[in-house]
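Please open the structure in your viewer and keep the sequence panel visible beside it. The stops below are meant to be taken in order, each beginning with something to select.

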Amino acid sequence: MGSLLLTVALVAGIGLAGSTILVVASQKLAVEEDERLVELVAMLPGANCGSCGYAGCEAYAKAMLDGAACNSCGPGGREVAQKVAAYLGVDAGDVVVKRAVVACRGTADRVVLQERAGYQGAPSCRSYSTMGHLSDGCTDGCIGYGDCMAACPYGAISLNKHDVAVVDPAICIGCGLCTTICPRHLISLQEKSDVSEVSFVLCHNTLMGKRARDACANTCLGCRRCEKVCPQHCITVENNVAHIDVSKCVGCKVCMNVCPEGAIYPLVWVPHEA
Amino acid sequence: MAKYASILFSMVLVNNFVLVKFLGICPFLGVSKRFSSAVGMGGAVTVVMVLAIAVTWPIQQLLVAWNLEYLQTIAFILVIATLVQLLEMVLKRFMPPLHRALGVYLPLITTNCAVLGVATLTVDEGYAYPEALVAGLGAGLGFLLAMVIFNGVRRRVDEAEPPEMFRGMPITLISAAITAMSLMGFSGVIEHLFGA
């Protein structure tokens, strides 16, 4: 009987001592958790894409509790921004809608060079680009193995009939995951402006004049005609490629009409239905 | 001094708890993917092991004195569970990123057989108190070493793109076995080094 009591007392004693330590420790080491954080994280899309500039949805929620702007979530767009702003009791502000654009409308490298180079490596743009420049033509265009397509979590990117990647603006939510994938840095995020159709140069070809024309059926020659004609002075030609500052463009389409190669296209903003 | 060094090195290399005795495999496979969490886990287990021995060794003396040796497992587990909870609170308070990285594996140290194993094995070896503490430290460092080595192995394996059927856990288990074999080469080293 005595040993039984001792057994019970010993185990109970250890348990009691342990629990006492834990109770004291939990009070001393308590971490205050904001319960709003959990609800904010639930409101965000949860893609953890990082387009807001924070490490993930939780980090962004934490930053918003500390007073960061509510309108930085690309995938969430206006709807999430308003929801979050209403929850926190602040003003949502203007939501910048961004869409990814692939700046190439020529023919994919791998199609052009199929016979000449005979690339037999892994079917990936990034592997392909490590081979160096395989052609004396355009080495700035879309390679066409669709690395960006695989990177897009929403399936917004597809290959057109020339195997060049094209972003569907109706599906794209502007998370920017594809922009870091492209080894030729063709994909950029463009902010939606008030103009319904802004002009955009869908070419990165740095070759000039005749060589550019020989290399691709859809190329910017670097002729500077658009630069001279633009009433807003928003076009600059650098490295033989015209670049249009989309935020200044008023959509007058003068540049499109004057371009001898038709390399300037309108960017059509399709409103994204969440 | 040589006695302590001998215990320490035999715990780290010859009797490595993970790769030779095959204890504590769960966190070894679970959190060895990333270097930072592997080191964090190794550190956490080391702390728990040393503290566990610091507490369980006196308790064992008490159990022997009262003829209650059969209570060893339950008493030790109680102590270890308390320590792990304490550690979790400390980590949550002072190292939240590590706390998040370790996730469910942190409370699982409670049932980590390596911790219970080191507590019971040092008792079976009949170590004195300081020797037992050194043995616990050695076991923890051995765990840390195994985690770090295996993290390197795993990263190499991931980059090597194994055949699809082996990808994930199968190739991890195979590489764990090969890593473990390499530590078998240390058996007998301590005897020659320290003449024990």
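Begin by selecting chain B, which, read along the sequence, follows the pattern α-α-α-α-α-α-α-α-α. In this predicted model, the count for chain B is nine helices and zero strands. If you colour chain B by burial, buried residues make up 43% of its 196 residues. Turning to the contacts in chain B whose separation is 6 or more, you will find that 79% of them are accounted for by residues 24 or more positions apart.

Within chain B, now select helix H4, residues 72–94, whose 23 residues reach 33 Å from the first C-alpha to the last, close to the 33 Å expected at 1.5 Å a residue. Show the side chains of the buried residues of H4(B), among them Ala75(B), Phe76(B), Val79(B), Leu83(B), Leu86(B) and Leu87(B); Thr82(B) and Gln85(B) also belong to this buried set. As you look down the helix, it may help to recall that an α-helix has 3.6 residues a turn, so residues three or four places apart point the same way. What do the buried residues of H4(B) pack against? Within chain B, their partners are helix H3 (35–65), helix H5 (96–102) and helix H6 (113–125), and from chain A they are joined by helix H1 (2–28).

That last partner leads to the boundary between the chains, where you can select the 14 residues of chain B that are in contact with 13 residues of chain A. On the chain B side of this boundary, the residues divide into 10 nonpolar, two polar and two charged.

Next, select chain A, which has 10 helices and eight strands. Of the 274 residues in chain A, 32% are buried, and among its contacts between residues at least 6 apart in sequence, 61% join residues at least 24 apart.

For the final stop, centre the view on Arg184(A), which lies in the loop between strand E3 (165–167) and strand E4 (187–191) of chain A. Is Arg184(A) buried or partly exposed? Arg184(A) counts as partly exposed because it has 18 C-beta neighbours inside 10 Å, whereas 20 or more would be needed for a residue to be buried. Leaving aside residues up to four places away in sequence, Arg184(A) touches Ser129(A), Asp140(A), Ile143(A) and His204(A). Finally, draw a distance from the C-alpha of Arg184(A) to that of Cys142(A): the two residues are 42 residues apart in sequence and 7.3 Å apart in space.

Terms used: Residues numbered from 1 in each chain as written. Chains lettered and ligands numbered in written order. Predicted model: local features only at pLDDT ≥ 70, side-chain atom pairs only at ≥ 80, totals over all residues. Contact = placed C-beta atoms within 7 Å. Nonpolar A, V, L, I, M, F, W, Y, C, P; charged D, E, K, R; others polar. Helix = DSSP H or I, 4+ residues; strand = E, 2+ residues; numbered from the N terminus. Buried ≥ 20, exposed ≤ 12 C-beta atoms within 10 Å, placed from the backbone. Expected span 1.5 Å × (residues − 1).
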